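Me: Please take a close look at one part of this protein, beginning at a turn and working outward through whatever pairs with it or packs against it. Keep it brisk, and give the cut-offs as you go.

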Amino acid sequence: MRPLALAMSGLILTGCGSTVLHIDHLAGREVGVMAEHRLEEMHPGMAPGTLTCPTLRFRAGASVRCVRVAELSGGRVVRMYGTVRVVSTRDGGDLHVAMDRDVAEFGVSSQRLQQDLTAILAKRTSTVPTAVRCPFLAGPTGTSVHCTVQLGKGTTSVAATVTGTDPATYRTSYRFIVRLPPR
């Protein structure tokens, strides 16, 4: 395992007289980036993702819980939790990353919902919406989110509802309930 010295080179400073600036904490963003690099080294074939972590106390044995979000093909999104622990603070430090075995949540990315809804509305109304905004869609069958659609000068809400899930492939089936205002 590669030490964190390169990632922390701006944090630990030495100068004349051997003055060393002591580090108490690592910012959550830095922890997430370093831990994601460590995961990619350990598992080169894994889907690209992003780890989001809170601030980590830089002491041997200190740990934080993080969430990793990976987007798979077809707009599938998988969220998993894991623990990042400081193994050592010597020689720039060393982190250990242990991801939970079970997926916490999976669903459909907001971008995929927006693309699909835009295509449906363009086909149905022969007009491409000016703007479409959808949130992430996850949950059991029956879970719904609302997308905001701007068609011309009017704005409407369109529901996206989960119709089924397949935990083996992290696929979420869904449908849109489109009720357009009269023209």
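Reply: Start at the turn between S4 and S5. These two strands form a hairpin with 4 residues between them. Glycine 74, in that turn, has a positive phi of about 70°. Helices and strands here are DSSP runs, numbered from the N terminus: H or I over at least four residues for a helix, E over at least two for a strand.

A word on the basis. This is a predicted model, with residues numbered from 1 along each chain as its sequence is written. Local features need pLDDT of at least 70, side-chain atom pairs count only at pLDDT 80 or more, totals for chains, interfaces and linings use all residues, and side-chain values use heavy atoms, with hydrogens and water left out.

Now follow the two strands away from the turn. S4 covers residues 63-71 and S5 covers residues 76-88. They pair in the antiparallel sense over 9 bridges. Two strands pair if DSSP finds at least two bridges between them. Within this pairing, cysteine 66 stands opposite glycine 82 of S5.

S5 has further partners. Strand S6 runs antiparallel to S5 and is joined to it by 6 bridges. Glycine 82 turns up again here: its bridge partner in S6 is methionine 99. S5 and S6 also form a hairpin, with 5 residues between them. Aspartate 91 sits in that turn and has a positive phi of about 55°. Strand S7 (residues 105-108) pairs with S5 as well, antiparallel and over 4 bridges. There, valine 78 stands opposite phenylalanine 106.

What packs on these strands? Helix H1 is involved. S4, S5 and S6 are among the strands that cover its buried residues, as are S1 (25-26), S2 (49-52) and S3 (56-57). The buried residues of H1 are Gly28, Val31, Gly32, Met34, Ala35, Glu36, Arg38 and Leu39. Buried means under 20% relative accessible area, exposed means over 50%, and partly exposed lies in between (1.4 Å probe, protein chains only). The helix length also checks out. H1 has 15 residues (28-42), so at 1.5 Å a residue it should span 21 Å, and its end C-alpha atoms are indeed 21 Å apart. That expected span is 1.5 Å times one less than the number of residues.

Go back to the first turn. What does Gly74 touch beyond its own hairpin? Arginine 112 is one answer: this residue touches Gly74, Gly75 and Tyr174, not counting residues up to four places away in sequence. Contact means heavy atoms within 4.5 Å. Arginine 112 and glycine 75 are 37 residues apart in sequence, yet 5.2 Å apart in space, C-alpha to C-alpha. Arginine 112 counts as partly exposed because its relative accessible area is 30%.

Arginine 112 belongs to helix H2. Serine 110 is in H2 too, a helix of residues 110-125. The side chains of serine 110 and glutamine 111 share a polar contact of 3.5 Å. A polar contact is a pair of N or O atoms within 3.5 Å; within protein, one must be able to donate a hydrogen and the other to accept it, and residues adjacent in sequence count only if both atoms are side-chain atoms. Farther along the chain, serine 110 touches Cys134, Pro135 and Phe136.

H2 leads to a second group of strands. The helix lies across S8, S10, S11 and S12, at about 40° to S12. Axes are lines fitted to C-alpha atoms, for helices over the stretch in contact, and angles run from 0 to 180 degrees between N-to-C directions. The four strands make an open sheet in the order S8-S10-S11-S12, with antiparallel pairing. S8 (131-133) and S12 (171-177) are the edge strands; each has a single partner, so one side of each is left without a neighbour in the sheet. Neighbouring strands are turned by 25° against each other on average, direction ignored.

Inside this sheet, S10 (residues 144-151) pairs with S11 over 8 bridges, antiparallel. Valine 149 stands opposite threonine 156 in S11. Threonine 161 also lies in S11. Its relative accessibility is 10%, so threonine 161 counts as buried. The contacts of threonine 161 include Thr143, Ser144, Tyr174 and Ile177. Tyr174 is also touched by arginine 112.
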